[in-house]
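Let's work through a few short exercises on charged side chains. Keep the picture open while you go.

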Amino acid sequence: MASITIRNLDDEVKIRLRIRAASHGRSMEEEARQILRDAVEQSVGPTNLAAAIRERFAHLGGVELELPSREAMPEPLRFE
């Protein structure tokens with residue numbers, strides 16, 4: 001298994017990590033591993049923007065729009 005060292009971590013970040021770990025009943029090291037696992041899993045998603053938007057808002061339901069009737073385009077004016 002690989003190891004990682006994080007240098008220059010702000011004191012405030014370390015305190016908040018310790019509090020978060022305690023609230024989940026884990027060590028700070030295990031909490032950091034879980035945060036990294038979650039971050040990596042979330043970065044994998046649909047690459048299609050339309051599919052991502054559809055998935056994001058699917059729980060809201062669809063919308064039916066009334067489309068206006070379409071007519072044939074008039075003939076262009078002739079300048080002879």
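**Exercise 1: a shared partner**

Find the salt bridge between Glu-31 and Arg-26, then see what else Glu-31 holds on to.

*Solution.* Start with the term: a salt bridge is a side-chain nitrogen of Lys or Arg within 4 Å of a carboxyl oxygen of Asp or Glu. Glu-31 and Arg-26 fit, with their closest N and O atoms 2.7 Å apart. Next, Glu-31 also meets Arg-20 in a salt bridge (2.7 Å, N to O). That pair links distant parts of the chain, 11 residues apart: Arg-20 sits in helix H1 (residues 11–23) and Glu-31 in helix H2 (residues 28–42). Helices here are DSSP runs of H or I, at least four residues, numbered from the N terminus.

A word on the source: this is a predicted model, where local features need pLDDT of at least 70 and side-chain atom pairs count only at pLDDT 80 or more, while totals for chains, interfaces and linings use all residues. Residues are numbered from 1 along each chain as its sequence is written, and side-chain values use heavy atoms, leaving out hydrogens and water.

**Exercise 2: buried or exposed?**

Sort Glu-31, Arg-20 and Arg-26 by accessibility.

*Solution.* Buried means under 20% relative accessible area, exposed over 50%, and partly exposed in between (1.4 Å probe, protein chains only). Glu-31, at 0%, is buried. Arg-20 has 39%, so it is partly exposed. Arg-26, with 29%, is partly exposed too.

**Exercise 3: inside one helix**

How far apart in helix H2 are Arg-33 and Glu-30?

*Solution.* They are 3 residues apart, about one turn of the helix. Salt bridges with shared partners join Glu-29, Glu-30, Arg-33 and Arg-37 into one network.

How values were computed
Helix = DSSP H or I, 4+ residues; strand = E, 2+ residues; numbered from the N terminus.
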